[in-house]
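Trainee: I should like to understand the reasoning behind the terms used for charged residues. May we examine a model together?

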Amino acid sequence: MQRNPEYLRTRSLFVGHQAGAFTLPDDLVELNTRAARLEAESRVTRPSRKPAARGEFVNALRDAIASGTDMPDPAVLHEAEAHDRALAEMVRILVEETENAQTRVVAGVQRFAETILVDHLRPALEDTLEAATSAAEKLGRTLPTAEGILSAPDATRKAFQALGALSSRYISLRNAQGVVVELSAGARYDAANLFREFRNLPDIFPQYANPRAERPWPTTDRGRLLWIVTSAIEAWMPTPEEQDEAFADRFPNAPVLRGRAAGWTDRREVAGV
């Protein structure tokens, strides 16, 4: 069975939920549970791979004629063919219902998109950042080295471990956000998603448009989260509308805001700021 590609994209959303990184609407979880159950059932229920019942009967009949033994009972053929037809129909219906269930999951993500972002992912992000801030109070602005953590006080080691778990949760939240936004309408104006993760990225990192510019955050997941909670960057969980509002506030003269497809330029970049 070929699975719905959009349904496959929802996998990280439900993996994060099952890991306890965030909650989801009960109705959506129920839809996904049903789709997963049907998919598992459709994998187990397969058409018979044995030779066709009629072919088996014909071979048995010829063998009986050749050897002079008793002829096979025709009722066996009728029963086998009926079984094969019923099994094939069962598999067809299972596959059809599985595909329908997967489509309903995708539609559910789209229908609950704003609720997921505002009522589920946003509180989880706030909780994650608050806990990471507490860990940062014991770690400082820079992560200890591998050697340094071994000799660090117990509170520092615990904060270091906690930050590792929190960084995994943060990634789960951002993956979930990406699934929800990309399966729904998404931002209309902020096509480059400059404001999806951070409210003020162009202010903190004016060279954001230069792919060769060195990013101000560390490359490790733990180090990046530490930078987020100890720098002036503002991590948030916006709806697409809020994301576009941030874009419009930052780039009020962007041609895209006038309905044009032309590119836009940060006026501060032009001014050399």
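Trainee: What makes the pair Arg169 and Asp127 a salt bridge?

Mentor: A salt bridge requires a side-chain nitrogen of Lys or Arg within 4 Å of a carboxyl oxygen of Asp or Glu. The closest N and O atoms of Arg169 and Asp127 are 2.6 Å apart, so the pair meets that criterion. Arg169 belongs to helix H8 (residues 154-183) and Asp127 to helix H6, so the bridge ties together parts that are 42 residues apart in sequence. Helices here are DSSP runs of H or I with at least four residues, numbered from the N terminus. Please note that this is a predicted model, in which local features need pLDDT of at least 70 and side-chain atom pairs count only at pLDDT 80 or more, while totals for chains, interfaces and linings use all residues. Residues are numbered from 1 along each chain as its sequence is written, and side-chain values use heavy atoms, with hydrogens and water left out.

Trainee: Why is Asp127 called partly exposed?

Mentor: Buried means under 20% relative accessible area, exposed means over 50%, and partly exposed lies in between (1.4 Å probe, protein chains only). Asp127 has 40% relative accessibility and therefore counts as partly exposed.

Trainee: How do you know that Glu89 and Arg92 form a salt bridge, and how are they placed in helix H5?

Mentor: Their closest N and O atoms are 2.6 Å apart, which satisfies the definition of a salt bridge. The two residues stand three residues apart in helix H5 (residues 74-111), so about one helical turn separates them. Glu89, with a relative accessible area of 37%, is partly exposed, and Arg92 is partly exposed at 42%.

Trainee: What makes Asp154 and Arg157 a salt bridge?

Mentor: The closest N and O atoms of Asp154 and Arg157 are 3.5 Å apart, which places the pair within the limit. Both residues are in helix H8, three residues apart, and so are separated by about one helical turn. Asp154 is partly exposed at 40%, as is Arg157 at 30%. Elsewhere, salt bridges that share partners join Arg9, Glu182 and Arg196 into one network. The search of the whole structure finds 11 salt bridges.

Trainee: How do you know that Asp244 has no salt bridge?

Mentor: The nearest side chain of opposite charge, Arg188, is 6.5 Å away, and Asp244 has no salt bridge although it is buried. In charge terms, Lys and Arg count as positive and Asp and Glu as negative, while His and the chain ends are not counted. Asp244 is found in helix H11. Leaving out residues up to four places away in sequence, Asp244 touches Ala187, Arg188, Tyr189 and Asp190, where contact means heavy atoms within 4.5 Å.

Trainee: Which residues gather in a patch of negative charge on the surface, and why is it called a patch?

Mentor: The residues are Glu114, Asp119, Glu241, Glu245 and Asp249. A charge patch is made of residues with over 30% relative accessible area and no salt bridge, like charges being joined within 9 Å. Helix H6 (113-139) and helix H11 (240-250) each supply at least two residues, and H11 gives the largest share, three residues.

Trainee: Why is Asp249 called exposed?

Mentor: Its relative accessible area is 65%, and Asp249 therefore counts as exposed. Asp249 lies in helix H11.

Key: Patch = residues over 30% accessible without salt bridge, like charges linked within 9 Å, V, L, I, M, F, W, Y side chains within 5 Å. Areas by Shrake-Rupley, 256 points an atom, 1.4 Å probe, with all protein chains shown as cover. Charge placed at Lys NZ, Arg CZ, Asp CG, Glu CD.
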